[in-house]
Amino acid sequence: MVSNGTNGEKPHGQKLDASKFTESVVASMGEKTPERLREVITSLTRHLHAFILETNLNTKEFMAGLELLNWAGRMSDEKRNEGLLLSDILGLERQASEMDDLVDSVTSHQLSMDNVTTTSSAILGPFWRSDTPLREFGSTMTFDTPPDAEVAYIHGVVTDAVTGEPLKNALVDVWQCSTNGLYEQQDPNQREFNLRGKFTTNDQGQYALYGIRPVPYPVPSDGPAGKLLQLLDRHPFRPAHIHYMTSKEGYATLVTQIFDRKTKYLDNDSVFATKSDLVVDFVPLKGNPNATLDLECNIALSPLQS
Ligand code: BEZ
Ligand code: FE
């Protein structure tokens, strides 16, 4: 039997003082470490060490966690970001995007003083594409529209959140999945760039396009994120939504999503992205041969601080 030393201390080579050990790991960073990286790694190290102590995480559990991350890595490529998906189901991307709002926008103090309402942000998710084509004002982004889709005329005005002035030449990048719940890059039966497009606002700050009424869909559940959802007794569904990324020089780029008021899962989005002020109404549209629904979605951008 291995005996303890005096005063309950383990003899040489045994248990370390936990907090001293944590600080020695933090102190191992060299002088050339960039300041922000030092700050982030210091905090990450302290939180992860504390997490292991708090949960009494044993080696088997630690290895199971690592295997989940390695599995995510093996499944990821330029079309699939399983790491982001894992972070989404744990609410991490939502948390980080709240930080962006605070850092990029005019200060929250100024926002509340001036009663300014910037459109809320929401997570980017893994299906945005940087190479989406620019499309004409008022043109369609739905090609080979499935028979069960309801086409919607989607339009609005992009404004300066402080002055309320319309912003011309703003770029409105929109993407959504088809009625089978798949984005075009997930689905060999959809043509490339189906249901996505970049649109420029006109002199009145307006944008317009044709899309479809979105449907709820499950996040991909054939990998570690799906496995974790199953273990946590959670469903994989997202409420019906359309993604937007709106940009204009001099303004904080706004990444957001709008949610159909009539959709299921508004109160239990598997990736925690919903916000009540992003819920919108699709209304019946008469007299337009190209669409049966109308959706007005205005966007207020926050000027960057000079
Ligand atoms: C999405 O809305 O496209 C999405 C967001 C997070 C995880 C998976 C999908
Ligand atoms: Fe989505």
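**Figure 1. Surroundings of Leu171 in strand β3 of the predicted model**. Leu171 touches Leu134, Lys198, Phe199, Thr200, Met245, Thr246 and Ser247, with residues up to four places away in sequence left out; a contact means heavy atoms within 4.5 Å. The residue belongs to strand β3, which covers residues 171-175. Helices (H or I, at least four residues) and strands (E, at least two) are DSSP runs, numbered from the N terminus. With a relative accessible area of 27%, Leu171 is partly exposed; buried means under 20% relative accessible area, exposed over 50%, and partly exposed in between (1.4 Å probe, protein chains only). Leu171 and Thr201 are 30 residues apart along the chain, and their C-alpha atoms are separated by 6.6 Å.

**Figure 2. The whole chain and the confidence of the prediction**. The protein has 7 helices and 13 strands, and buried residues account for 42% of its 306 residues. Of the contacts between residues at least 6 apart in sequence, 72% join residues at least 24 apart. The average pLDDT, the predictor's confidence in each residue from 0 to 100, is 91, and 90% of the residues score at least 70. Residues 1-10 have a pLDDT below 50, and this stretch has 8 contacts in the model beyond near neighbours in sequence. Residues 106-110 also have a pLDDT below 50, here with 6 contacts beyond near neighbours in sequence. Where pLDDT is low, the predicted coordinates should not be read in detail. Residues are numbered from 1 along each chain as its sequence is written, while chains are lettered from A and ligands numbered from 1 in the order in which they are written. In this predicted model, local features need pLDDT of at least 70 and side-chain atom pairs count only at pLDDT 80 or more, whereas totals for chains, interfaces and linings use all residues; side-chain values use heavy atoms, with hydrogens and water left out.

**Figure 3. The iron ion (ligand 2) and its protein donors**. Tyr183 (OH), Tyr217 (OH), His241 (NE2) and His243 (NE2) are the protein donors, lying 1.9 to 2.2 Å from the ion. Donors are N, O and S atoms within 2.8 Å of the metal (3.2 Å for Na, K and Ca); water is not among the atoms, so sites may look incomplete. Along the chain, the donors follow the spacing Y-x33-Y-x23-H-x1-H. Tyr217 in strand β6 (residues 217-218) and His243 in strand β8 (residues 241-247) link distant parts of the chain, being 26 residues apart. Both Tyr217 and His243 are buried. The arrangement is irregular because the 6 donor atoms around the ion subtend angles of 55 to 164°. Four donors count as tetrahedral if all angles lie between 85 and 135 degrees; four count as square planar and six as octahedral if opposite donors are over 155 degrees apart and all others between 65 and 115; anything else is irregular.

**Figure 4. Helix α7 packed against α3 and α4**. Pro224, Ala225, Gly226, Leu228 and Leu229 of α7 are buried, and what covers the buried residues of this helix includes α3 and α4 (82-89). The axes of α3 (residues 59-75) and α7 (residues 224-231) come within 9 Å and cross at roughly 140°; the two helices are therefore oblique to each other. Leu68, Trp71, Ala72 and Met75 of α3 meet Pro224, Lys227 and Leu228 of α7. Between α4 and α7 the angle is about 20°, with the axes 8 Å apart, which makes α4 roughly parallel to α7. Glu82, Leu85, Leu86 and Ile89 of α4 make this contact with Pro224, Ala225, Leu228 and Leu229 of α7. Axes are lines fitted to C-alpha atoms, for helices over the stretch in contact, and angles run from 0 to 180 degrees between N-to-C directions. Angles under 35 degrees count as roughly parallel, over 145 as roughly antiparallel, 65 to 115 as roughly perpendicular and the rest as oblique. Asp233, whose phi is positive, near 55°, follows α7.

**Figure 5. Positive phi at Asp144 and Asn169.** Most residues other than glycine have a negative phi. Asp144, in the loop between β1 (139-140) and β2 (151-160), has a positive phi of about 45° and counts as exposed at 52% relative accessibility. Asn169, in the loop between β2 and β3, has a positive phi of about 60° and is likewise exposed, at 53% relative accessibility.

**Figure 6. Phe259 in strand β9 (residues 254-260)**. Phe259 is buried, with a relative accessible area of 0%. Apart from neighbours within four places in sequence, its contacts include Arg238, Pro239, Ala240, His241, Leu266 and Asp269. Ala273, Thr274, Lys275, Leu278, Val279 and Val280 are also in contact with Phe259. The C-alpha atoms of Phe259 and Ser276, 17 residues apart along the chain, are separated by 8.8 Å.
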